[in-house]
Structure formats: structure tokens, C-alpha cells
Amino acid sequence: MSSRVMVRMAPALKGRRTPLTLTQAAVQRLKELQTNSAAEEHSKTLKIGIQGKGCSGNAYTLSWVAEPKKFDEKVTQDGVTVLIDSKALLTLIGTEMDWFEGKLASQFVFNNPNIKGACGCGESFLV
């Protein structure tokens, strides 16, 4: 009894989708924050994560870190580097980070195509 082995060439790998893109407003604001805090923060990097909280289950977290953890994803765009927590990576793939400045509030806004629902206040979301 003979057996056959079939070998196929693997298809060419497609380019990896960027986990996070930054708008020009977000890039400009991050540059301002890094410039203003460079002396006191000793060049820390912004890290984006997700925490389980709120009425919809998840909320974004932003923190300054000195060193990335082993599996954090590094995103560099237009001279700005942002880290993504490894636990949040799959949730954030394809997300656009924007900076909004209005009369009552100024904040980073995440336009995430993976969100299936959000609470009324906009602080938490469901994936």
C-alpha cells in the first residue's frame, strides 16, 4: 500500500493590517504631550489598553510607560510611537485614534470598527 503526499506552495502572505492608525490631530496632540512632559516623564511612551468596566463591559485605558512589556505592539506613525497592550490588540485592530477638542471637552476618540455596541455616555463598549 502506497501513500501520496501532496505539496502545495503557500500563497503569498498579505500585508499585515495596522492595529491602530492616528489622525493628524492625534499625532499633533501626542507630539505636544511628549514635548511638554519630556523633562519630567523621562521620555515615556503612551500605552493603550482595554479594561473591563462600564455598563457595556470594556473601556479604553491610556497610561505613560517607561518600557514596553514583552508582547506589547509598537505602532509608529509620523514620528510618534504608541504602544498597544497585548491583551487589547485583537480588539483594537483597524481602529483610528483621533483628537477631539470642543468647548466642553478635549479627548482622544477611538473609531473602532470592531465595536458591536456602546453605552449611552460613550465611555464603554461591547466587542
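How many of the 5 residues of strand β5 are buried? I looked this up in what is a predicted model. The strand covers residues 80-84, and 4 of its 5 residues are buried, so I noted β5 as mostly covered.

Next I looked up the neighbours of β5. Strand β2, residues 45-51, pairs with β5 in the parallel sense, and I recorded 3 bridges. Within this pairing, Leu46 stands opposite Val82 of β5.

I then turned to strand β4, residues 73-77. β4 pairs with β5 in the antiparallel sense, over 5 bridges. Here Val82 of β5 is the bridge partner of Val75. I entered Val82 under both pairings, with Leu46 and with Val75.

The connection between β4 and β5 is a hairpin, with 2 residues between the strands. I checked the turn and found a positive phi of about 50 degrees at Asp78.

For the remaining pairing I went to β2 and β3. These two strands run antiparallel and are joined by 7 bridges. One opposed pair I wrote down is Thr45 and Val65, the latter in β3.

I put the strands in order last. The sheet is open and has 4 strands, arranged β3-β2-β5-β4, with mixed pairing. Why is one side of β3 and of β4 left without a neighbour in the sheet? Both strands, β3 being residues 59-65, stand at the edges and have a single partner strand each, so one side of each has no neighbour there. I also noted the twist, which averages 25 degrees from one strand to the next.

Note on methods. Residues numbered from 1 in each chain as written. Predicted model: local features only at pLDDT ≥ 70, side-chain atom pairs only at ≥ 80, totals over all residues. Heavy atoms only, no water. Buried < 20%, exposed > 50% of the residue type's maximum accessible area, 1.4 Å probe, protein only. Pairing = 2+ DSSP bridges. Axes fitted to C-alpha atoms, helices over the stretch in contact; angles between N-to-C directions.
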